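Colleague: Please give a close account of the protein surface near DNA strand B, and then set that part beside its surroundings.

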Amino acid sequence: MHVSELSAVPEWLPEHLGGEGIEELYPPQADAVDAGVTEGESLVASVPTASGKTLIAELAMTASVARGGKALYIVPLRALAGEKRAEFETFEQYGLTVGVSTGNYDSDGEWLATCDIIVATSEKVDSLVRNDAPWIDQLSCVVSDEVHLVDDGHRGPTLEVTLAKLRQRNPGLQTVALSATIGNPEILADWLDAELVDSTWRPIDLKKGVHFGQAIHLEDGEQHELGVRDGEKPTAAIVRDTLDDEGSTLVFVNSRRNAEAEARRLTSTVEGALTADERDRLADIAAEIRDVSDTETSSDLANAVEEGAAFHHAGLASDHRELVEEAFRDRLLKVVSATPTLAAGVNTPSRRVVVRDWRRYSGEAGGMEPLSVLEVHQMCGRAGRPGLDPYGESLLLAKSHDELDELFDRYIWTEPEPVRSKLAAEPALRTHLLATVASGFAGSRSGLLEFLDRTLYATQTDEGGRLERVMDSMLDYLVANDFLERDGDDLTATSLGHTVSRLYLDPMSAAEIVDGLEHADERPTALGLFHLVSRTPDMYELYLRSGDREEYTMIAHEHETEMLGSVPSEFEERWDDWLSALKTASMLDDWASELDESTITDRYGIGPGDLRGKVDTAEWLLSAAERLAGELGLEWAPAVREARTRVAHGIRTELIDLAGVRGVGRKRARRLFENGIEGRADLRDAEKSVVLGALRGRTKTAENVLENVGRSDPSMTDVEPAGSVAVAGDGSDENDQSSLGEF
DNA sequence: GCACACACATCGTCTGCCTATGGCA
DNA sequence: AGACGATGTGTGTGC
């Protein structure tokens, strides 16, 4: 189908697509049009990655907007929201407006209401529904990207419930669900009353295979000798072979440590293939990486990048990740070894993909578990760059002949698993039952059952009793904790219940926080509050490593009086969880005591990305705690607020006032304080020369700071810095604010 | 015969990912 | 369960 044959799309679209080099639709796209996506028909598209799913969404959304509607594009990751926005922004020249709403980034609420296309994460959409965003009712088209994630035990139910709510609120809503190839797309189509496009077509050929010994065995029967050198690991041999063909390789491994070790090893394979120009550009990127953070992780990454290799995992700061992704797309990096972050995240295609480890440790299983077929296929799907490579190749590694056969059976010749709803689980229902009642989607037990009937779970299960059983036990829990009131069949949310739902807290987290704050006899300390929020289910835990048990048991005894709620005994089952929450709390306390980022990451065995994540979550939970304290009329709200501000900026109490000034973070605040400027009032009255001296003679910075604090004459012209302008050689004042917590 | 470097064996340790508020100085 | 890396042991070489 040619783009000029498209019906019901805005008139500018065919030409626009032509301008992007799109003349002929890919077969799945043509099928989608035949099924009526441009005419408002709901659709499930189960197609491989990189085979034009986004265009299907764009056809549906622009057509819907042209008819006077409004479209919502739901993504699973924040990082993808940015990527999609950039793609949709090309429509702005035709008068469409695009807005983004995620946890860390929000277009202005009123402006969102006027946007034609809104991009948001599923949790954000859920939250917007709970908080009655006015534009929800105006939606005419919703696109759900990576909808197979409804299978995810933790986040899947949110997507499932949110889609059900949107469809209930808006019966005419066009639903376009985009999925990876899965075993049972018909059930999704059934659930969403949608047409189905199920295709394995790809714009570039993908050859899957297994490496064993000296050879690569491809699925089409082709074999390829590799010439593995003496003592060379298979991964290195494959990377070298790809390099001979001027291609790059993506290696998936099963742990962060493995990712880092593999990258380090592969530098020796890759290094020789770099041109002088590439070396220069990589050196620049390495410098940028070092600027992001001065932790060991950061410098290890920079060292590898200088030699053309990199690792990628969630311990990296997001700036690190972006730098790596970009350098890999620009073909400067010849190999990246990554944990699954990269398989699900932004688009980073590669000539070859190696799935080095196909088993991963699982605590519950007590050992290594094989990856799902879907997951391996998602990784393999990253092979082949459209327009650059003739084909993509993805390889699994076998260590024995038996394993070779097993891998073919397990992953190459096997369809992905069917997707199954995970809604009938306690944590999911606890949260979503409360939200469903609180936001008015159901007002009784029977109403809830009716609502749940609109979910995938109901479409899928033949065991209706299970959901009902879990539901009843969760309703009991919600009533017992004063989130819901029950009167016969009727259910209403209490004012506390409403608050919890709007705050987007897991009710169990809220119950824990309320209990801790209600029973505090004295003003809680920061450590006590950090521990309180660290032990809620909304904060995931740090691992206890060997030696930690003794160390934190000692700390627990030392600070016993500060701890909120009952302290379990060492022989109770919840002791370990309680202790690892203490480890998290102690890490937050270090951060809020102005310890260096590198000291903290070193002490707790984490990466800069982990620290940022924990700080972020703590900040969010403490704001929620502050609201709960206010709601319940508890006297500790100011203490909670103080702890929140301290962790948000990473500062001790005495800097709170200064850090409230935009442009002043933990380091600048501390230096101002040391120079006798102890608060905003001081800053307004201080000698300019002192301010300039404290800010290391940075004129521009000093001017901005003075302006932000509301000083009428911020100019630093002709001002000489006072005192010792300890520029300390590095002069990297940009990095001064530390990489954390500054938005 | 000794010092040193290197190869190999042993033992202990550790193990993926991600989202979420709201309103103001 | 199994890989990494730190530590320990054994072997070979050169002086």
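Modeller: A polar side-chain atom of Arg155 lies 3.5 Å from a sugar or linking oxygen of DNA strand B. This is a polar contact (a pair of N or O atoms within 3.5 Å; within protein, one must be able to donate a hydrogen and the other to accept it, and residues adjacent in sequence count only if both atoms are side-chain atoms). The model is predicted, so that local features need pLDDT of at least 70 and side-chain atom pairs count only at pLDDT 80 or more, while totals for chains, interfaces and linings use all residues. Side-chain values use heavy atoms, with hydrogens and water left out; residues are numbered from 1 along each chain as its sequence is written, and chains are lettered from A and ligands numbered from 1 in the order in which they are written.

Two threonines reach phosphate oxygens of strand B: a polar side-chain atom of Thr339 is 2.6 Å from one, and a polar side-chain atom of Thr121 is 2.9 Å from one. The elements that give two or more residues to the surface near DNA strand B are α6 (122-130), β15, α21 (495-503) and α27 (608-631). Here helices (H or I, at least four residues) and strands (E, at least two) are DSSP runs, numbered from the N terminus. The largest share, four residues, comes from α27.

In total, 35 residues surround DNA strand B, and the closest are Arg78, Gly103, Thr121, Asn131 and Thr339; a residue counts as near if one of its heavy atoms lies within 4 Å of the strand. Of the strand B atoms that come within 4 Å of the protein, sugar and phosphate make up 63%. By class, this surface has nine nonpolar, 14 polar and twelve charged residues, where Ala, Val, Leu, Ile, Met, Phe, Trp, Tyr, Cys and Pro count as nonpolar, Asp, Glu, Lys and Arg as charged, and the others, Gly among them, as polar.

DNA strand C offers a second surface for reference. Around strand C are Arg257, Asn258, Ala261, Arg264, Arg265, Arg356, Arg359, Tyr361, Met368 and Lys399. Sugar and phosphate account for 53% of the strand C atoms within 4 Å of the protein. The residues divide into three nonpolar, one polar and six charged. One of the charged side chains, that of Arg265, places a polar atom 3.5 Å from a phosphate oxygen of strand C. Both α10 (256-270) and β15 (359-362) supply at least two residues here, and α10 gives the largest share, five residues. β15 also serves the surface near strand B.

The record helps to place these residues in the chain. UniProt, in an unreviewed entry, puts "domain: Helicase ATP-binding" at residues 34-200 and "domain: Helicase C-terminal" at residues 238-435; its positions are given in the numbering used here, feature names are shortened, and annotations may be inferred rather than shown by experiment. Residues 34-200 are 37% helix and 19% strand, with their end C-alpha atoms 18 Å apart. Over residues 238-435 the figures are 48% helix and 16% strand, and the end C-alpha atoms are 51 Å apart.
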